[in-house]
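Student: Could you please take a close look at one part of this structure for me? I should also like to know how to place that part within the whole.

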Amino acid sequence: MKVLVTEKIADKGIEALKNSGMEVDVDFQLCVERERLLDVIKNYDAIVVRSVTKVNEEFYQHATNLKVVGRAGNGVDNIEMEGATKRGIIVVNTPEANTVSAAEHSIGLLIASCRNIPQANGFIKNRNWDRSGFKGVELQGKTLGIVGLGRIGSLVATRMQSFGMKVVAYDPYITEERFKKFGVEKKEKLEDLVKESDFISIHTPKTEETFGMIGEKEFKLAKKGVRVVNCARGGIICEDALVKAMKEGIVASAGIDVLVDEPNTTSPLLDIDNVIITPHLGADTVEAQDNVGVTIAHEVVSALKGEMVPNAVNLPTLHHHELESLQSYLELGEVLGKLYHQLERDAIQKIEVIYSGAVAEMETSVITLAILKGVFEPILKERVNYVNASLIAKNRGISVVESKETVNGNYMNKIRVNIVTKDKTFTVAGTIFAKKDARIVEVNGFEFDVIPMPYMLVANNHDKPGMIGQMGTLLGASKVNIATMQVSRNFKAKEAMMFLTVDSEVAKETLNLIGNIDGIIKINFVKL
Ligand SMILES: NC(=O)c1ccc[n+]([C@@H]2O[C@H](COP(=O)([O-])OP(=O)(O)OC[C@H]3O[C@@H](n4cnc5c(N)ncnc54)[C@H](O)[C@@H]3O)[C@@H](O)[C@H]2O)c1
Ligand SMILES: O=C(O)CC[C@@H](O)C(=O)O
């Protein structure tokens, strides 16, 4: 697998990619040399970017072999998600890896701007000693308004309380409990926060709703002498409105790390003395970069291997601990799904998944994705993955329905998959024992206790003497070693199903010979 890295990530990250057996090309010029990037990207399975490389529809059209986009960092506003999802490209990022650094940088900007530290530093470095022009303000007793009380906003909130600040926040998308947890007063409306705050710090993502959310109207409502910080994304504070408000004396100082257009050396904000500005350095610490680099390397490698990754942006969000407890169920789900097209041929109309017992309490939508991935893999091979599995089902007109039950007979947990075709329903069920051991427990009403193995034979036969022996003889003659065998019977129908795990692939000729045994109704080789 080939990985292209177009922006600076920590050496540890590059090493981690190489140590995982990836062929890695590093070319930082490619984030700005668009034509060259579009020309070479077809040669790569994955790309690792930061915030400069534009990963958009034009890019995807050239990236014909791309499977993974790794965003070494948090914000994914330079990556078009729809184009990735429809092509089954997994987008992963590292949302937790640089939050402390970003929070500390926000606080740095806040303090440095309200105490004129960079300006004073520049003055004295020019061999001027004059204390008159740099008088600042204290933080203690002042109100800090945080817009967006997520990972970074909440870190800033708790840290600034230790400076004796009152912290209020506006974030309509989080619970009352989260405000309480961080000792922050909730503001129902942005304008209430703006009216009350001495300092405003922005910590939302850039979305249609947040872009320009602090503009002329808000500055008109703000306290005269308000101080603002934006270490989130350029344009959430409208740059023109900020310039105007600073010239009018409404805003006393601004600490800015991000601009609408980056890189940028011509912004009018650069000409304003009370604006201190850094070139998107929020995540630029040794710790954050090491953390981001190594995390993105591991995620890109996992995603290339087709594994579920915790920070896949175009998949349901999972934390590491959730993924750990889901792992066995994801594997079981894939196994159950993979059985269908290897045992049956009919076109699928509907897939029903019934979760019972403990598994019903989990993030089952992801297990359903694993089942769908399994269903399509035997016919679409590597063109199906967790990201595009449900889109593939939708495009094929297959409806997918999930339901949950609290208990299911003898099993602590059970996943049953009903695959409905025009004429019949194929049913398969499985369970997890002791948190990690998968078992197939039912196929079309036949009960089993089968440990899924890479090579398996599944036979339907008339329930009569000699079936097992004849089959064993033919497999022995073709040098296929039988590892385990289970037989399940349907007394009423006088039919049985044999489930064999074997140590190697079974040749077509052997399968034909078995199929010709008197009493064998159907024989299928299953590869997991
Ligand atoms: N400057 C840097 O180098 C740097 C580094 C890391 C992150 N960031 C940026 O910081 C920002 C915050 O990152 P995070 O990890 O804390 O994100 P997060 O997702 O944890 O938190 C964002 C919060 O914003 C809230 N929000 C969304 N829309 C809102 C709206 N319209 N009004 C109010 N609140 C709204 C969300 O509910 C959420 O709680 C992002 O823009 C990210 O890209 C910048
Ligand atoms: O340094 C970077 O790549 C940007 C960091 C930051 O903006 C992020 O979103 O993670």
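**The surroundings of ligand 2**

Tutor: Ligand 2 is surrounded by Arg50, Ser51, Gly73, Asn74, Gly75, Asn98, His280, Gly282 and Ala283, each with its C-beta atom, placed from the backbone, within 6 Å of the ligand. This is a predicted model, in which local features need pLDDT of at least 70 and side-chain atom pairs count only at pLDDT 80 or more, whereas totals for chains, interfaces and linings use all residues. Residues are numbered from 1 along each chain as its sequence is written, while chains are lettered from A and ligands numbered from 1 in the order in which they are written.

By class, the shell around ligand 2 comprises 7 polar residues, 1 charged and 1 nonpolar. Arg counts as charged and Ala as nonpolar, while Gly is among the polar residues.

For the wider setting, the protein has 17 helices and 22 strands, taken as DSSP runs (H or I, at least four residues, for helices; E, at least two, for strands). Its C-alpha trace spans about 105 × 50 × 35 Å along the principal axes.

Another part of the protein offers a second set of residue classes. Helix H16 (residues 467–477) packs against helix H17 (residues 508–515) at an angle of about 160°, their axes lying 10 Å apart. H16 is therefore roughly antiparallel to H17, a term for angles over 145 degrees. Met471, Leu474 and Leu475 of H16 meet Thr510, Leu513 and Ile514 of H17, contact being C-beta atoms, placed from the backbone, within 7 Å. This contact of H16 with H17 has 5 nonpolar residues, 1 polar and no charged ones.

Definitions and conventions: Axes are lines fitted to C-alpha atoms, for helices over the stretch in contact, and angles run from 0 to 180 degrees between N-to-C directions. Angles under 35 degrees count as roughly parallel, over 145 as roughly antiparallel, 65 to 115 as roughly perpendicular and the rest as oblique. Two residues are in contact if their C-beta atoms, placed from the backbone, lie within 7 Å.
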